[in-house]
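Below are some numbered notes on the fold, for use alongside the coordinates. They begin with one helix and then move to the sheets and cores.

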Amino acid sequence: MKSRFEDFQFDHSDQTKVEPGTLLVASPALENTSFRRSVVLVLQNNEEGIFGVVLNRRPNDKVMTAWHQIAGENDSAEKVLQGGPIGGPVFTLHTDRNLAEHEVFQGVYVSKANRDHLEMFDDQKTEYRVVFGLAGWKKGQLQEEVEQGVWLPLAGDQTLVFDDPELLWETSLIEFSRETLKDVLGLSGLPASALDN
C-alpha cells in the first residue's frame, strides 16, 4: 500500500546555508561538548572561515575582571557574554545604527566596546551585549555540521539576539521548530502560541 507521504519532498537545502546573521541553535548532538545548549550568531563567513559569538554564555571571573577595567563600576554586568574560546577585541552587539562599525543584519550592529558607548547605550535604553571572545570554524567545517543536523540554522532575529540568555536556547529551539513546520506545511505564518486564538 502506498503511503500518502511517499511523494512528499521537503527541500531543506536553503536552510543549511550559513550566512552572516544566521543564528545556530545547538542540537542535542552537542550535549556533551562546550557548545551544549548554545545559540551562536554568525558574524563572518569568508575564505578565512566562519566566526560567530555565543549569545547565551555567562562570563568567567577572568572576563569579569577585564569587564570592570573597561566599564569601571558600571552596573550592566548582566550584559556581558563569553562569546567563545578564541581571543580577540572586546566588542558590543547593539541596536544603535549611528554607532555601528559593522551591520550583522538590519537592526543588529557591531562596534568596539568603549565606556562612552556603554554609557550612551544605558542612557538611551539601547539593547546591547558586550562580547569577549569568538567561536570559529575552518572553511567547510560548520557547513558540514549544519548539514548533519549538529546545528539548527535560524534566520537572524533582533529579539532573539537580545533575549534573556538563560532562556535563549529554549526560545530559539521553539522558533526553529515553528519555522520548520511552516516550511513543511507551506504556511505563511503560525500563531505565537496555540493559546493565542
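1. In this predicted model, helix H1 has Val63, Met64, Trp67 and Ala71 as its buried residues. These residues lie on the same side of H1, because the arc they cover around the axis is only 95°. The other side of H1 carries Asp61, Lys62 and Gln69, which are exposed.

2. The buried residues of H1 have three packing partners, namely S4, H2 and S8. At the N-terminal end of H1, Asn60 acts as the cap. One of its side-chain oxygens is 3.2 Å from the backbone nitrogen of Lys62.

3. In what order do the strands of the mixed sheet run? The order is S4-S8-S5-S7-S6, an open sheet of five strands with mixed pairing. Strand S4 (80–82) and strand S6 (102–105) are its edges, each pairing on one side only. From one strand to the next, the twist averages 30°.

4. Helix H1, spanning residues 61–71, packs on this sheet and touches S4 and strand S8 (128–132). The direction of H1 makes about 120° with that of S8. Helix H2 (residues 115–124) lies across S5, S7 and S8, and H2 runs at about 150° to S8.

5. Within the mixed sheet, strand S5 (residues 91–94) pairs with strand S7 (residues 108–112) in the antiparallel sense, over four bridges. Opposite Phe91 stands Lys112 of S7.

6. There is also an open sheet of five strands in the order S9-S3-S2-S1-S10, and its pairing is antiparallel. Its edge strands are strand S9 (135–137) and S10, each of which pairs on one side only. With direction ignored, neighbouring strands of this sheet are turned by 30° against each other on average.

7. Two pairings in the antiparallel sheet can be given in detail. S2 and strand S3 (residues 49–54) run antiparallel and are joined by six bridges; Asn45 has Ile50 in S3 as its bridge partner. Strand S1 (residues 23–26) and S10 also run antiparallel, with four bridges between them, and Val25 stands opposite Leu152 in S10.

8. Are the faces of strand S10 (residues 151–154) covered or open? Both faces are covered. Trp151 and Pro153 are buried on one side, while Leu152 and Leu154 are buried on the other.

9. Which residues have the most contacts inside the largest nonpolar core? They are Leu41, Leu43, Val53, Leu55, Leu93, Trp151 and Val161, in a core of 39 residues. Strand S2 (residues 39–46) supplies the largest share of this core, five residues. A second core, separate from this one, has twelve residues, among them Met64, Leu118, Tyr128 and Phe132.

10. Trp151 deserves a separate entry. Leaving out residues up to four places away in sequence, Trp151 touches Leu24, Val25, Ala26, Leu30, Phe35, Ser38, Val40, Trp137, Leu142, Glu145 and Val146. Trp151 is also one of the buried residues of S10, and it is among the residues with the most contacts inside the largest nonpolar core.

11. Met64 links the opening points to the core description. Met64 is one of the buried residues of H1, and the second core of twelve residues includes it.

Key. Residues are numbered from 1 along each chain as its sequence is written. This is a predicted model: local features need pLDDT of at least 70, side-chain atom pairs count only at pLDDT 80 or more; totals for chains, interfaces and linings use all residues. Side-chain values use heavy atoms; hydrogens and water are left out. A nonpolar core is a set of buried Ala, Val, Leu, Ile, Met, Phe, Trp, Tyr and Cys residues joined through side-chain atoms within 4.5 Å. Buried means under 20% relative accessible area, exposed over 50%, partly exposed in between (1.4 Å probe, protein chains only). Contact means heavy atoms within 4.5 Å. Two strands pair if DSSP finds at least two bridges between them. Axes are lines fitted to C-alpha atoms, for helices over the stretch in contact, and angles run from 0 to 180 degrees between N-to-C directions. The arc is that of the directions from the helix axis to the C-beta atoms. A polar contact is a pair of N or O atoms within 3.5 Å; within protein, one must be able to donate a hydrogen and the other to accept it, and residues adjacent in sequence count only if both atoms are side-chain atoms.
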